[in-house]
Amino acid sequence: MVASSPGRVKHPVQVVLFDYGGVLRGDGREIWTAADAAASLPPGTLWAAWHDIPEYRLSREGAIDGVAFRAAILRALIPVAGDAETAEAALATLEGRLAGLPPIDAEMRALIDRLRAGRRIKLGLLSNASRGFTERLRARGVASLFDDVVVSADVGLAKPDPAIFRLAAERLGVIPETCLMIDDQAQHVEGARAAGLRAQLHEPTRLRELIAWLESEGALP
């Protein structure tokens with residue numbers, strides 16, 4: 001162990017945890033904004049209708065299923081879209097664009113391969129997603145790249161609750177202080193840090209910065 005500051009001990013890294021959407025797969029806000037434009041909606045409409053409704057957290061905690069969540073999104077869209085038919089078309093456009101993305105961006109797959117080749121650490125995936133997403137990750141060949149996969153709705157906890165980060169560490173047989181977390185949402189980074197993990201806020205344009213951080217933490221040679 002290496003002392004990072006007086007009175008604190010910096011534990012060697014044993015695990016790197018990745019978020020999925022926005023980190024491993026580039027489904028950031030630009031995808032949503034493009035779908036807004038295609039549907040002639042104000043920028044940010046689809047993002048807000050998806051993420052800024054009470055049902056979003058309920059779906060991520062497994063309290064409601066995907067059918068109920070989609071219905072809630074449509075209810076939020078109708079006042080802006082003007083009618084149910086336009087709202088349905090806008091949501092279908094977004095869903096089509098998301099479905100057309102690769103399971104993992106090529107540069108992130110290369111980073112995972114590099115981490116695995118080093119044989120120094122375990123890799124985990126920790127995602128806020130709806131029920132059944134674990135199986136979809138298996139079907140897409142994503143889950144096999146990781147030593148463990150934690151999907152919020154499948155465990156009944158969701159980021160940024162520190163408990164889900166502690167659970168991810170526990171399932172990999174380590175303490176949180178030996179884990180690094182990579183996420184694209186600031187509140188999730190804060191939740192990870194509250195649980196004792198070291199965390200990095202990421203976006204696709206900051207890959208070099210991410211690699212430099214992993215090197216500085218000893219996860220990469």
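Which residue is the bridge partner of L17 in β6? M181 is, and the points below work outwards from there.

1. Ground rules. This is a predicted model, so to speak with filters on: local features need pLDDT of at least 70, side-chain atom pairs count only at pLDDT 80 or more, and totals for chains, interfaces and linings use all residues. Residue numbers start from 1 along each chain as its sequence is written, and side-chain values use heavy atoms, with hydrogens and water left out.

2. Overall picture. The protein has 11 helices and seven strands; these are DSSP runs numbered from the N terminus, with helices being H or I of at least four residues and strands E of at least two. Its radius of gyration is 18 Å, which agrees with the value near 17 Å for a compact globule of 221 residues (taken over C-alpha atoms; the globule rule is 2.2 Å times the number of residues to the power 0.38). Along the principal axes, the C-alpha atoms fill a box of roughly 60 × 35 × 30 Å.

3. Burial and contacts. Of the 221 residues, 47% are buried (under 20% relative accessible area; exposed is over 50%, partly exposed in between, with a 1.4 Å probe and protein chains only). Take the contacts (heavy atoms within 4.5 Å) between residues at least 6 apart in sequence: 61% of them join residues at least 24 apart.

4. The sheet. Five strands make an open, parallel sheet in the order β5-β4-β3-β6-β7, where pairing requires DSSP to find at least two bridges between two strands. β5 (148-151) and β7 (198-201) are the edge strands, each with a single partner, so one side of each has no neighbour in the sheet. The twist averages 20 degrees from one strand to the next (axes are lines fitted to C-alpha atoms, for helices over the stretch in contact; angles run from 0 to 180 degrees between N-to-C directions).

5. Strand β6. Four bridges join β3 (residues 15-18) to β6 (residues 179-183) in parallel, and β6 also pairs with β7 in the parallel sense over four bridges. M181 stands opposite A199 on the β7 side. Five of the five residues of β6 are buried, so the strand is largely enclosed by the rest of the structure. C179, M181 and D183 point one way, while L180 and I182 point the other. In a regular strand, side chains alternate between the two faces of the sheet.

6. Helices on the sheet. Helix α9 (residues 162-171) touches β3, β4 (122-127), β5 and β6, and its direction makes about 160 degrees with that of β5. Helix α11 (residues 207-216) lies across β3, β6 and β7, at about 175 degrees to β6.

7. The aromatics. There are six aromatic pairs in the whole structure (rings of Phe, Tyr and Trp, the last by its six-membered ring, with centres within 6.5 Å; planes under 30 degrees apart are stacked, over 60 edge-to-face, the rest tilted). W32 and W50 have ring centres 4.9 Å apart and planes at 90 degrees, so they are edge-to-face. W32 sits in α1 (residues 29-38) and W50 in α2 (residues 45-51), 18 residues apart, and both are buried. Y56 and F69 are tilted, at 6.2 Å and 55 degrees. Y56 is in α3 (residues 54-60) and F69 in α4 (residues 66-81), so this pair ties together parts 13 residues apart in sequence. Y56 is buried at 15% relative accessible area, F69 at 6%. Together with W47, these four residues form one aromatic cluster: W32, W47, W50, Y56 and F69.
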